[in-house]
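Work through the exercises below with the structure in view. Try each task before you read its solution.

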Amino acid sequence: MKAVLFEKFKEAPKVTTLPDPSPAPHGVVIKVEATGVCRSDWHGWMGHDADIELPHVPGHELAGTIEAVGKDVRKWSVGDRVTVPFICGCGSCPECHAGHQQVCDHQEQPGFTHWGSFAEYVPIHQADLNVVALPEGMDFATAASLGCRFATAFRAVVDQGRTSAGQWLAVHGCGGVGLSAVMIANAVGANVIAIDIDNEKLALARELGAVATINGASVVNVPEAVIELTKGGAHVSLDALGHPVTCFNSIQNLRARGKHIQVGLMLGDHTLPQIPMPKIIGKELEILGSHGMQAHRYGAMLDMIASGKLDPTRLVGDRICLAEAPQALMNMNKFQSVGATVITSF
């Protein structure tokens, strides 16, 4: 198979030919029809993820058709159109038994714990637990964005934030996760404020339902601006970027008993952000993480997409070929196009 491979961290990946994978008895091999290029992949390439063993094939946002099926798989057949969460549960630990595969004690992540989807084929373990069927009308490029950005935003807004109609929700960072969160929060009836330093992304956030936007590059004090707009502070606030500044601002702009959801990864030099602990204590704030979403929760999200309340197709940006993936990966921390960049040609 053709795949993108890097042999050293921070060195340019290359497109090469590697052996085709075979399914485990409980797993499947998926023929990749589309896969997103995500900032998490950039973190992996930089060496920020301890799970990665070199040489390595990145990629974790994928959709495609089942190419091969292990002998113990019961739910899936060759040719089925599928996607997967970027976190796959083991099926046997206490967290999996409780339905919390997104924090599985022995989780696997394509593109991190094993070779990923910047390739023609990718293996997935415990397929009956982790694989999700795609609606017939959904194109693969849209489906590829669900497994990380959109599903992560859905869980952050709906499950972790428990955002309800009429609440104020602030989204710090309008990349793929942030714009997904804007759309989802608007769909559940929240009043959304979008914060970014890119006016083009803020314009799209307004199109997706944000009632107000703030350009962090031109506003002196972002938390004060949010508090003024909301007449007291946000009920729920997301750091969708993963930076000490956006993390601090997201906590600082909350009203009493508000919820901060940390969605963006805090890796490398950003692992110890400044936290306004006096406000957390004095205002009884909640600080929550959000790490993907379980396969069994996809039904609620897919139903909202089918009804037209959510339209992740609007968040698909550039469509590129596999040969362009190395450059796109290396540029993730310098420039991100509006919408998700997706590899659709192999």
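**Exercise 1: Two helices that cross**

α5 passes α6 in a right-handed crossing; right-handed means that the near helix is turned clockwise from the far one by less than a right angle, left-handed anticlockwise. The model is predicted: local features need pLDDT of at least 70, side-chain atom pairs count only at pLDDT 80 or more, and totals for chains, interfaces and linings use all residues. Residues are numbered from 1 along each chain as its sequence is written, and side-chain values use heavy atoms, with hydrogens and water left out.

Task: describe how α5 and α6 pack.

Solution.
- Step 1. Find the helices: α5 covers residues 146-160 and α6 covers residues 176-187. Helices are DSSP runs (H or I, at least four residues), numbered from the N terminus.
- Step 2. Take the geometry. The angle is about 50° and the axes are 8 Å apart. Axes are lines fitted to C-alpha atoms over the stretch in contact, and angles run from 0 to 180 degrees between N-to-C directions.
- Step 3. Name the arrangement. α5 is oblique to α6. Angles under 35 degrees count as roughly parallel, over 145 as roughly antiparallel, 65 to 115 as roughly perpendicular and the rest as oblique.
- Step 4. List the contact (heavy atoms within 4.5 Å). α5 gives R149, F150, A153, F154, V157 and V158, while α6 gives G176, V177, S180, A181, M183, I184 and A185.

**Exercise 2: A second partner**

Task: state how α5 is placed against α11.

Solution.
- Step 1. Helix α11 spans residues 298-306.
- Step 2. α5 and α11 pack at about 90°, with axes 11 Å apart.
- Step 3. That makes α5 roughly perpendicular to α11.
- Step 4. L146, G147, F150, A151 and F154 of α5 meet Y298, A300, M301, L302, M304 and I305 of α11.

**Exercise 3: Cysteines**

Task: how many disulfides does a search of the whole structure find?

Solution.
- Step 1. Apply the cut-off: a disulfide is a pair of cysteine sulfur atoms within 2.5 Å. The search finds zero.
- Step 2. Check C38. Its nearest cysteine sulfur, that of C148, is 4.0 Å away, and C38 is in no disulfide.
- Step 3. Check C96. The sulfur of C104 is the nearest, at 3.7 Å, and C96 is in no disulfide.

**Exercise 4: Buried or exposed?**

Task: is T142 buried or exposed?

Solution.
- Step 1. Locate T142 in helix α4, residues 140-144.
- Step 2. T142 has 1% relative accessibility, so T142 counts as buried. Buried means under 20% relative accessible area, exposed over 50%, partly exposed in between (1.4 Å probe, protein chains only).
- Step 3. T142 touches P312, T313 and V316, not counting residues up to four places away in sequence.

Definitions and conventions:
Helices (H or I, at least four residues) and strands (E, at least two) are DSSP runs, numbered from the N terminus.
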